[in-house]
Every structure is written in C-alpha cells, then in structure tokens.
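Subject: Structure for you to look through

Dear colleague,

I am passing on the structure we spoke about, and below it I have written down what was found when going through it. Please keep it open beside you while you read.

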Amino acid sequence: MKWQKITAVIISTALLLVSTVYNFPCQRCSQNIAYATEKTVDFGSFDMSVNDGEPVRGVDISSILAIEKAGVEFYNENGIKQDIFKTLSEYGVNYIRVRVWNDPYDKNGNSYGGGNCDLYTAAEIGKRAAKYDIKLLVDMQYSDFWADPEKQTRPKYWQKHDHETLKGEIYKYTSWVLQTISESGGNIGMVQVGNETNCFFCGEKDMYKICDLFASGNKAVRDFDRSILIAHHFANPSTGYYAWYAQVMNECRLDYDVFATSYYPYWHGTTENLTAVLKEVADKYDKYVMVAETAYPYTSEDGDTFGNAVSAGSDNAAFRYDISVDGQAQCLADVFQAIANVGNKGIGVFYWEPAWLGVNNISWEQQCELWKKYGSGWATDYAAEYDNSVNGAGGSAYDNQALFDFSGRPLQSLGVFRNIYPQKKIPPKPDIDSKVQGDVNADGEFNIADVVLFQKWLLTVPDAKLYDWKAADLCEDDRLDVFDLCMMKRLLINR
Ligand code: CA
C-alpha cells in the first residue's frame, strides 16, 4: 500500500534526524571488533587412540545445576534460550569435567554450597552431557569441600582412619562413584584421582604415602573399566616440583595415564614454561599431559556483587593479554597451542567454570539469598564448620573469567573451541531454522512487539533486553543502530 511506504519513509527520515542529534551509547554499536577466535590450533601429531581421535576440548561446569536452579539463564549464539550442554556441544566442547565431594553437607543436610557437588550432582551432569555425546572427566577430590594446594581436608567420616583403612575406603568409594555415574547414563572417559595434590592429598603430606593412597583409587578405576584414563593433577607448573612429583610416582610404580596441571596464566608462568615442564614429564615417563583447569578474565567488572579472584590491578597477577574478550580468546588459544607443542602426548585443555554466573542485575542481599538457598555461590554459612576459610556465604569469584557474559550469552571467545583440530566429529551447527529475521525477543515470530522492544533498547530504556541482537542486525554490518530500526519497520509494514 502506497500510504504505508510513505509512512515508512517519513518514519525513517525522522529517525535519521534523531540519530544525528542523539548520541547512542557506544558499547551498543561496537559489536564488530576483530576477535582472535579465527586462530586455529592443530594438534598435528595427536594420538588417535585418545578421545576418539580428537583433542580434549573441555570445560568444568561443576556448579551448573545449582546456578540453573538459582535462576541463571543461558542462550545460544543466536540469542535463543537453550540448554547450555547443547550450546557447548555446538561450540565443539567434547569433554566436561565435574568435581565430586564426598559429603558437602552439615549434619542437618544443609549444603556447603560451591554447586552442591556430591555424587548425585555429578551423575546428573554426566547424564545431560551424554545426551550431546560429551564425555565426562570425574574429578574426585576425596574431601567434603574444596581441595587445592592449601586445603586437602579429609572427608568427615574418614578423619580417624589409619592409612590402611583409608586406602580401603578410597577404593570402595571410587568404585561406587564410577558405578553410580555410569548407571545414570554418564560416559566416563577419564578419572582424576585427587585435585591439585601438590604433595598434599586427603590430609596426607608424605608424597610416598600419597602415592600409596593414589594407587588404591587407581586400582578401583582399572577394576571398573580399563579403557578409562587415569589422571593425577597438580597446580602451577612454575613451582619447579613437577619433575619430582613425576619421579616419585614412577618410583612408586603408580599405574596412571595422564599428568595434568592447573594453569592460570596470570599466576602460573609462561606458556613456554608450561610446554617445557609437561614435555619433560611426557617424554621421560611416557605419560599423556593436559591442562585440567585454566581461565582468563575478559572484563574487570563484577556481575554478581561478590568480589573476583583477579581483575586489572590485582596484586601478584601478570596479565600477558588484554583483559578483553579478544585477550581471553588469544590466551585460551595459546594454552591449547602450548599443549599441542608438547607433541603426541599433549591431549587437550579444560576451561574452569566458564558459566559460573549470578543472576544478573540483582542486589547483594538478593544474591546472598540465592547462594544460601541453592548453594550456587562458592560457599554457604554451613561450610564454616568444615572449612575455616569460610566466613559467610559468597558467590562467584570467576564470573569475569566466564565464557558467557553476565546475562548468559556466549562470548566470542567460546568460539576458540571450534578451531581446535583434528576434528573427527563435526560440531553440530546451532539451530538457525528457528531464527526469524527481526525476532529480537526470540519468541519465534516477528511482530510489532519486536519493533517496540528494539526501539526501547536503542533509547536505553533500562529494562529493555534484546534476546537476539543478530536478528536485529538487518543491515548486516555487525552493529545495531537506527538504520536497523528503519529496516525493521519497513519489514513489518511490507509483510
Ligand atoms: Ca563475582
């Protein structure tokens, strides 16, 4: 209809005039930055007997069930709300790591928090991962709460055991965990016996006795399924102790497959050192090597009102990359490259808690309620009885290192996983059939509600939230502005 076209021209002209005098916020127009996600990493001599011939492209999302229950929503790359396991699969993630704590509850059944990572949480995560053909690394911590180089507190029920009794319990418990996860449908590809066990494990500090305890867990894994890889995990390759840990494990004739490390680039030295230290262990003892945890900040902002582990200006943190999405992507690609550079014993990388977010834009008091109720933060008050570093409920100190933004949308840095080769299984493409041009509220159709929402968003009305910015980019120039709004109105009128 002619009058409709005239109306559209009038609206377009008016909006163009508005755009010349109204300075739209810069961050909303600058989505066309060049990202390091184009960089590819080729594991040229990859051992094709490992992980069906693909490098491990892994993430640890141990806290995901609690986060979802607390109300955090996740979206796919088209801005459509979607199961995060499906989204990760579409980005090429082929392994999920999940921590297991023996009994993360007080005597009244109140959770210590940190994702309520008991066996049943791990089993549920394993089941959901298997739906998308994603394998599981079971990270057994043999503690009731966080285990790291500073803390290796024995589970409550094991605290009075002598060495031999403890060995027996480790065997029985490991067997039970593997059986339960498998029977729930999880596809266990690897088991980590201990977490960041730098000469400290399950209360024991003698490395030879530690190896004897490791052996008990390892035997349980071998007896359960000989095709499962067994990993031992240490933290910080720049400590100078890795060769010694590997030597003692060799002296003790420990039966294991993978020597794994945490590598947080701002604390743990250079990628060149990471490669050199792991290559020495791999070559000398014929072990696979990998990074079991890594992360890097994309922002210094905080999304959940709980202070972050690192941000610009943090003491004792060496930021060798920009704190930006691009810097994060470059860093992650370089960590994969460092493992590829080890040679045919380098098997891959896990990113730590890339989705550990709080509900966006709520107060500290509201966040605190969620951490207490759902265990979605790092700790609840109930954990203080077991972990003396807990002085109240807290949230995520890693939300600024996530691979999803504070509102649950994948960052471009998550795309690094798509560029790790070889790839035998081509990652499924996101379901773009459901994407409708102009459908910015992602309800599956394009109508006046989308135009109203987009206009509000352009005018920075506080509660206006676009669910699919790409659907709004009708000019296809990777930026959203008044020209897209004009096109959207024309599209609606001419239908
Ligand atoms: Ca935070």
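To begin with one residue, is G377 buried or exposed? G377 is buried, with a relative accessible area of 0%. Please keep in mind here, and in everything that follows, that this is a predicted model. G377 sits in the loop between α10 and β10, and although G377 and G114 are 263 residues apart in sequence, their C-alpha atoms are 5.4 Å apart in space.

The calcium site

The calcium ion is coordinated by D302, D304, N308 and D399 through side-chain oxygens and by F306 and S396 through their O atoms, at 2.3 to 3.0 Å. Along the chain these donors follow the spacing D-x1-D-x1-F-x1-N-x87-S-x2-D. D304 belongs to the loop between β8 (288-293) and α9 (325-340), while D399 belongs to the loop between α10 (364-374) and β10 (420-421), so this pair ties together parts that are 95 residues apart in sequence. Both residues are under cover, since D304 is buried with a relative accessible area of 1%, and D399 is buried with a relative accessible area of 0%.

Strand β4 and its neighbours

Strand β4 covers residues 135-140, and six of its six residues are buried. In a regular strand the side chains alternate between the two faces of the sheet. In β4, K135, L137 and D139 point one way and L136, V138 and M140 the other way, and all are buried. Strand β3 (residues 95-100) is joined to β4 by six bridges, and the two run parallel, with V98 standing opposite V138 in β4. To get from β3 to β4 the chain passes through helix α4 (residues 119-130), and this β-α-β crossover is right-handed.

β4 is also joined to strand β5 (residues 188-193), here by five bridges, and these two strands run parallel, with L137 opposite M190 in β5. The chain crosses between them through helix α5 (residues 163-183), in a β-α-β crossover that is right-handed.

Strand β6 and its neighbours

Which residues of β6 lie on each side of the strand? L229, A231, H233 and A235 are on one side and I230, H232 and F234 on the other, and all are buried. Seven of the seven residues of strand β6 (residues 229-235) are buried, so this strand is largely enclosed by the rest of the structure. Three bridges join β5 to β6, and the strands run parallel, with M190 standing opposite L229 in β6. Together β5, helix α6 (residues 207-224) and β6 make a right-handed β-α-β unit.

On to strand β7 (residues 258-262), five bridges join β6 to β7, which run parallel, and H233 stands opposite A260 in β7. The chain crosses from β6 through α7 to β7, and this β-α-β crossover is right-handed.

Helix α7 (residues 242-251) also contains W244, which is partly exposed, with a relative accessible area of 33%. W244 joins Y208 and Y241 in making a nonpolar surface patch of about 320 Å².

Salt bridges

How many salt bridges does a search of the whole structure find? The search finds 22, and I describe a few of them here.

The side chains of R97 and D139 meet in a salt bridge, at 3.2 Å from N to O. R97 lies in strand β3 and D139 in strand β4, so the pair ties together parts that are 42 residues apart in sequence. R97 and D139 are both buried, and they are linked with D60 and E293 in a network of salt bridges.

R418 forms a salt bridge with E77, and the closest N and O atoms are 2.7 Å apart. This pair links distant parts of the chain, with R418 in the loop between α10 and β10 and E77 in the loop between α2 (64-70) and α3 (84-90), 341 residues apart. E77 is partly exposed, with a relative accessible area of 23%.

K156 and D144 also meet through their side chains in a salt bridge, at 2.9 Å from N to O. K156 is partly exposed, with a relative accessible area of 26%, whereas D144 is buried, with a relative accessible area of 0%.

With best wishes

How values were computed
Residues numbered from 1 in each chain as written. Predicted model: local features only at pLDDT ≥ 70, side-chain atom pairs only at ≥ 80, totals over all residues. Heavy atoms only, no water. Donors = N, O, S within 2.8 Å, 3.2 Å for Na, K, Ca; no water. Helix = DSSP H or I, 4+ residues; strand = E, 2+ residues; numbered from the N terminus. Buried < 20%, exposed > 50% of the residue type's maximum accessible area, 1.4 Å probe, protein only. Patch = residues over 30% accessible without salt bridge, like charges linked within 9 Å, V, L, I, M, F, W, Y side chains within 5 Å. Areas by Shrake-Rupley, 256 points an atom, 1.4 Å probe, with all protein chains shown as cover. Salt bridge = Lys/Arg side-chain N within 4 Å of Asp/Glu carboxyl O. Pairing = 2+ DSSP bridges. Right-handed = clockwise from strand over helix to strand, strands pointing away.
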